[in-house]
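Me: I am new to this structure and would like a close look at a single part of it. Could you take me through the place where two helices meet?

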Amino acid sequence: MTERLAELDDEYDFLEYSDRTAARVDAEVMAEARRIAVHPTVPAEPTNTLG
């Protein structure tokens, strides 16, 4: 679920070697975080499977 965020984190390390800006990567991070928040694949709250 967070693989894309990890990839974007790596991009910060290589900004000086690319034509991307920190602001552009920031925008992509925020968009990905919003996507995860809207469509989580893991429950946000623990579920009680015993009860």
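Reply: Happy to help; here is a walk through that meeting place, from the helices down to single side chains.

A word on the source first: this is a predicted model, in which local features need pLDDT of at least 70 and side-chain atom pairs count only at pLDDT 80 or more, while totals for chains, interfaces and linings use all residues. Residues are numbered from 1 along each chain as its sequence is written, and side-chain values use heavy atoms, with hydrogens and water left out.

Let us start with the pair of helices. Two packed helices are described by the angle between their axes and the distance between the axes. Here helix 1 (residues 3–13) packs against helix 2 at an angle of about 170 degrees, and their axes are 10 Å apart. Helix 2 spans residues 22–38. Helices are DSSP runs of H or I with at least four residues, numbered from the N terminus. The axes are lines fitted to C-alpha atoms, for helices over the stretch in contact, and angles run from 0 to 180 degrees between N-to-C directions. Helix 1 and helix 2 are therefore roughly antiparallel to each other, a label given to angles over 145 degrees.

Which residues make the contact? From helix 1 come Arg4, Leu5, Leu8, Glu11 and Tyr12, and from helix 2 come Ala22, Val25, Asp26, Glu28, Val29, Glu32, Ala33 and Ile36. Contact here means heavy atoms within 4.5 Å. By class, this contact has eight nonpolar, no polar and five charged residues. In this scheme Ala, Val, Leu, Ile, Met, Phe, Trp, Tyr, Cys and Pro count as nonpolar, Asp, Glu, Lys and Arg as charged, and the others, Gly among them, as polar.

Now zoom in on Val29, a residue of helix 2. Leaving aside neighbours within four places in sequence, Val29 touches Leu5, Leu8 and Tyr12. The C-alpha atoms of Val29 and Ala6 are separated by 9.5 Å, although the two residues are 23 apart along the chain. Val29 counts as partly exposed because its relative accessible area is 22%; buried means under 20%, exposed over 50%, and partly exposed in between (1.4 Å probe, protein chains only).

Next door in helix 2 is Glu28. Its relative accessible area is 17%, so Glu28 is buried. With neighbours within four places again set aside, Glu28 is in contact with Arg4, Leu8 and Arg20. The side chains of Glu28 and Arg4 also form a salt bridge (2.9 Å, N to O), that is, a side-chain nitrogen of Lys or Arg within 4 Å of a carboxyl oxygen of Asp or Glu. This pair links distant parts of the chain, with Arg4 in helix 1 and Glu28 in helix 2, 24 residues apart.

Arg4 has another partner: its side chain meets that of Glu7 in a salt bridge (3.1 Å, N to O). Arg4 and Glu7 both lie in helix 1, three residues apart, about one turn of the helix. Arg4 is partly exposed at 29% relative accessibility, and Glu7 is partly exposed at 35%. Arg4, Glu7, Glu11, Arg20, Arg24 and Glu28 are linked in a network of salt bridges.

Further along helix 2, Glu32 and Arg35 pair up in a salt bridge (2.6 Å, N to O). Because they are three residues apart in helix 2, about one helical turn separates them. Glu32 is buried at 12% relative accessible area, whereas Arg35 is partly exposed at 40%. The count of salt bridges comes to seven.

Conventions:
Helices (H or I, at least four residues) and strands (E, at least two) are DSSP runs, numbered from the N terminus. Angles under 35 degrees count as roughly parallel, over 145 as roughly antiparallel, 65 to 115 as roughly perpendicular and the rest as oblique.
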